[in-house]
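The following report describes a predicted protein model in terms of its strands, helices and nonpolar cores. Please read it alongside the sequence and coordinates.

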Amino acid sequence: MIISSFCRNMALQSAVLCSFIVVIIGGQRIPTAEPQQSRNLLSPEQVMHVRIRQSVPRHLCRRAIRNTQIMLYESSRRVYEVSRNTDLVSRYRIELPAGWRNTECTMNLNVAEGQISRQEDLLVGSQNPLLGAQPFAEQFAGCGIRGQRVQVPFSILTDSAEMSAAALNKTVLEVLRWRYGVFTEAGINGDAMYPANATLGLQTVANEDCTAETQLLNNGFCPINNYNSAASTKQNLLCEEKPAKKVIHDLSADKDPVHFTSPEFEYILPSETARIVLVIEQSPSMWKQWNSVLSSTFQYINSLAEGVELAILSYTSNTTVHLEPTRVVGGNREGLHYRIPRRVSIPEAKGDANCIECALEHAIDIATNTTTLVLISSSALDKKSEELMKLGPLANIIIRQIVVGTYKDQKQENSIVHQASVHTDSLVNDDMYLINEKQNQLNITSEMNQALASLTNNYPSNKFHQETLATVDIEGSFSVEPSLSSNLWIQILLDETSDINVFEIRSPSGQVFSFPKYDAGLVYFSLRGPRETGVWTYRIKFYASAAAEHKMILECWGSQGTTGSSSIQLTSWSHVTPGVNQPANIYARLEQDGLPVLNARLVALVRVPGQTANDNVEPVRVELVDNGSGYPDITQGDGVYSAYFADFSDKPGFYSVTIEAINNSSASVINTRKLENATVTAGGSSLPLEPSVPLEPFTRFSTSPSFYLNSVAQFYISSGKVQKKDTLAPNRITDFRLANYFNNSLFVTLAWSAPGNDFNTNGKAFRYEIRCFTARTSLQEANFNEQGILVHQSLVPTPENPGKEQRCTVGVPWPEEIFYYAIVAYDEAGNRGKVSNIISVYVKEPITTSTEDATTISLEMTDVSKSLHLKSFLHSESLMYIIAGIISFILIIVVIILTVIVRRLGVCTKKEPGVLAAEGQSHSGGGDTPSLPDLCHEQSFMRNSISYMSGYDLPEMLEYTLRSPQKARAQENNNNNSAQHAKLYGSSLTEQQYSSLGHNVNSLVQPSSLVHHSSLIQPSSLIQTNKDYANHVQRSYNSYYNKPPSPVTVTSPQKHHLAGNESPSISPVNSTLTAGGQSSTDCSVSVSGSDHDDHHASTLQVVTPHQAHVVMAGGHRSYDTQYTHQRQDKPKKIPPAVPNKTVHASLV
């Protein structure tokens, strides 16, 4: 009934399926199809490894197993169909939890002892902390590259007796995406790079390569025909706009069709006791590295978990078993290591070859289904060997190789490359770790330590501190974190351990450990059990005879503590795409309890072929990032850090990689408690980055399997120097976008992140090219240079450092049509990167409407970055209107303030009627009108100018001048002769007396420092004498101050010249008469103080050039007549003299 119901609900009327599924009902087993390929050797492509974790409830184990079989069978069938009958999964090896042994879960199942490789293809366990109860493929690389695994929450298999159709289709689709390296063909809500909807012209359309209904009818994929390659989906961006089906067909193009057969299910239970077989080459070719082998294996054996069984073999031309499988316990670790020979073996006969096949035969006899074989040799294992082929299917053992060599033999290299390519469809040998034998012994030992620790995920010890030091007396510190505070192992690697006199460490509480052990070329402390966390210190002293020019390496290792803290796990791997000038991809995953660790700093140290100890060449450092740009990192926030490596050697060979992960108070993990109600979808450009919880500082190390590169650096000679040829292009830009647009114009702002040169490995690019066209196909890779309209280079910025945002403003050629834009980067050698993602821009034709009051011009434009509200506002016309209004308001306020100041400080007082009448007659008689309006209204057009002399207060002088109805110029004679001053102020001046002063009248109205006195031009209307007017002025002044009238003395007109030793006090503001008899219209007062000896305190001389005759003398004008008003006032106190200092005050 269950089978028929399943076939009916799933519309899978397949007799093969219905006769194959194993269903346990009432303890009876329904007959199934007999396996037909159990004895045949299958390629790795035909076998999938499945692991069911202990987290699956045991009371639901039967339901979980049954639905797992249904899901795996449907996956095999879909693989066969989508590959056009060329691909087939023939066997599933399912590892059951160890706790299900001898329970109802394994009844009626053919279960064998065994294990699967350390990385399963499909994992059934608890739901993911971020993604919840949804299956998802863990994909780390680009198009066509197989992912790491598929995670399936057990709730999908156990929620109901029969797995729902929706859950089955979703899970199988994730299996297909993992297997073929294809991605989602629709946008995702809230995703920045792959949104659910897109804007095209004036319309909002669904961002998908095909409809959901169409995908459901095509095994979850879009059909090749009528495929929407313009959609901004992850599939289009990473697979160059190819449908997922087309990618799968291309991967299967070279395969022959096969006949579909039902897959086999092989169930295995891991043994409670793991076994490690250590096989070491003891030939003379290892003698230089033998000390490193002894040191590394000593630390490795001492760090093995309790209860592991260890066997030790060595081989040359024959094989010797030094240790039969023996359980590792606390007291026998050092004794187990002593079973390894202390030196290499001398061959019995010259020319005897190493017999690695002999060692493998003995390993088969010792190995069990849960054995890990660790091979340390000077040459790689040939996977095509007959003995090795037997080893896999019979014993199900895991093989890991540590090779110390450089692969000088080309034939041997080709064999290794073939092994790698057959196993992983790439040039990465995922079970071989290469150590360059040409480097110094300390580095070989350190790299071998890390390689041994990276062989399996369950190795208990992790390195958390390493530093290279000079062999001198030194003190330092290291931090022990809570997650690695148990079973501390602190060691020093150096060439001569006998040179160390003192090596001690101190705990944070002050406990001192000062008795290290010396063994196997190591000086070390082994502190079993939990230890203090915090900052530890160390002190190292050497004997005086020790060589100071040598180096030593300090390493600190620890195991997970018992405090319940979660440990940070670091794993690493690499991938190489076959082809010329293709970089290698380096990856590392950093996580804590299944949660990705964000914002950590990861650095890959890559050693290239050909480096020797004498070269003293440091490894190449490469920064890994988790930014989701797509090239190479495809998902941000998933804990997978990625980088390209393109620093090729000058010869083909293997590259070894060590990863270092560091947290300098920036790393964090997601706070899942605050995401309980949030929906997170897999397959987008990013996983959630907030809210996060910061992590304590940590350091982790990992060694990834070595990879082989055929690509080599190319060199040429230029100007007598060897130059490296640049054959690598800049990286692709994947975040090209419309950042802003300008209202009422055809201009838009484009933005993108700057790419790096040489696939982001060597600085910045050289230049950009931006092109546009109305047809999107014209901007695709093949047509970009020929058909795209080039944006002028002057509008395009120069490339910045990788990752920095850049912008440029371009003009759309014309409105009312969709234009597509794309950008590429070039390097100095002319290598062009791939075309970026293509964006669309649409500008609507401006619509003009006329009314009686105004004319409105409307311009509309689509904006694909509507989320940038602030930036759009800053570039909009509304902001310009606001700024213009603010400036206008400020200007109005300034004008009002200036007007008030002019009216108040200009003292525009009302004059007496008599004075106004006199002024009116004077001006009307002259017939001259001012050239500018009078801001002082009731004032005359003349300036008021006073020379401040001792005996008068400055405020009184200002008041007098501003009150003066005639605004006459008043000047104080600056003369050192006191007698002349007394005569001048004490009585009327005669023509001769006035002439004796040597004053030129011209100097009273224009400063000699600016214009020579002989070149002055004065208006004729000011040079006529008028005695009555002078008396009127005097009367007006006296009446204002209630003074009795004073006599006015008129002197005869004469020409005067300044003496060379006299310095008249004249302000430049007093000489602003304009040509044509017009005077300045501002209101200014100039007050001057000068050197003086004895002055008459009650005398004020007011010079009034109101009406005077001009006499031409030598072609120059001079004044004929002056009026001098004198008044008697009470004596004033003479202020202190201020030598040679003039102060001008102007009221404007």
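Strand E20 (residues 486–493) and E26 are joined by six bridges and run antiparallel. Two strands are taken to pair if DSSP finds at least two bridges between them. Helices (H or I, at least four residues) and strands (E, at least two) are DSSP runs numbered from the N terminus. Within this pair, Leu493 stands opposite Ile553 in E26.

The model is predicted, so local features need pLDDT of at least 70 and side-chain atom pairs count only at pLDDT 80 or more, whereas totals for chains, interfaces and linings use all residues. Residues are numbered from 1 along each chain as its sequence is written, and side-chain values use heavy atoms, with hydrogens and water left out.

**Two sheets and a loop**

E20 and E26 belong to an open sheet of five strands, ordered E18-E26-E20-E24-E23, with antiparallel pairing. Its edge strands are E18 (461–470) and E23 (517–519), each of which pairs on one side only. On average, neighbouring strands of this sheet are turned by 25° against each other, direction ignored. Helix H14 packs on the sheet and touches E18, E20 and E26, and its direction makes about 15° with that of E26. Contact means heavy atoms within 4.5 Å; axes are lines fitted to C-alpha atoms, for helices over the stretch in contact, and angles run from 0 to 180 degrees between N-to-C directions.

A further open sheet has four strands in the order E19-E25-E21-E22, with antiparallel pairing. Strands E19 (474–480) and E22 (512–513) stand at its edges with a single partner strand each, so one side of each is left without a neighbour in the sheet. E19 is joined to E25 (residues 534–542) by seven bridges in the antiparallel sense, and Ser477 stands opposite Thr537 in E25.

The loop between E25 and E26 (551–559) contains Ser545. This residue is exposed, with a relative accessible area of 67%; buried means under 20% relative accessible area, exposed over 50%, and partly exposed in between (1.4 Å probe, protein chains only). The C-alpha atoms of Ser545 and Asp499 are separated by 7.6 Å, although these residues are 46 apart along the chain.

**Helix packing**

Two packed helices are described by the angle between their axes and the distance between the axes. For H9 (residues 290–302) and H14 (residues 441–453), the angle is about 35° and the axes are 9 Å apart. Their crossing is right-handed, that is, the near helix is turned clockwise from the far one by less than a right angle. From H9, the contact includes Ser292, Val293 and Tyr300, and from H14, it includes Ile444, Met448 and Leu452. The contact residues divide into five nonpolar, eight polar and no charged. In this division, Ala, Val, Leu, Ile, Met, Phe, Trp, Tyr, Cys and Pro count as nonpolar, Asp, Glu, Lys and Arg as charged, and the others, Gly among them, as polar.

**Nonpolar cores**

A nonpolar core is a set of buried Ala, Val, Leu, Ile, Met, Phe, Trp, Tyr and Cys residues joined through side-chain atoms within 4.5 Å. Of the 61 residues in the largest such core, Leu590, Val597, Leu602, Leu624, Phe645 and Ile659 touch the most other members. Apart from that core lies another, of 39 residues, among them Leu294, Tyr300, Ile444 and Leu493.

**Covered strands**

Five of the seven residues of strand E40 (residues 747–753) are buried, so E40 is largely enclosed by the rest of the structure. In the hairpin of E39 and E40, which has five residues between the strands, Asn744 takes a positive phi near 60°. Strand E8 (residues 149–153) is mostly covered, with five of its five residues buried. Arg149, Gln151 and Pro153 point one way from E8, while Val150 and Val152 point the other way. The pairings of E40 and E8 are listed below.

| Strand pair | Sense and bridges | Opposed residues |
|---|---|---|
| E39 (residues 737–741) and E40 | antiparallel, four bridges | Tyr741 and Val748 |
| E40 and E43 (residues 805–811) | antiparallel, seven bridges | Thr749 and Thr809 |
| E6 (residues 122–125) and E8 | parallel, four bridges | Val124 and Val152 |
| E7 (residues 136–138) and E8 | antiparallel, three bridges | Phe136 and Gln151 |

**Overall composition**

The protein has 23 helices and 53 strands. Buried residues make up 52% of its 1148 residues.
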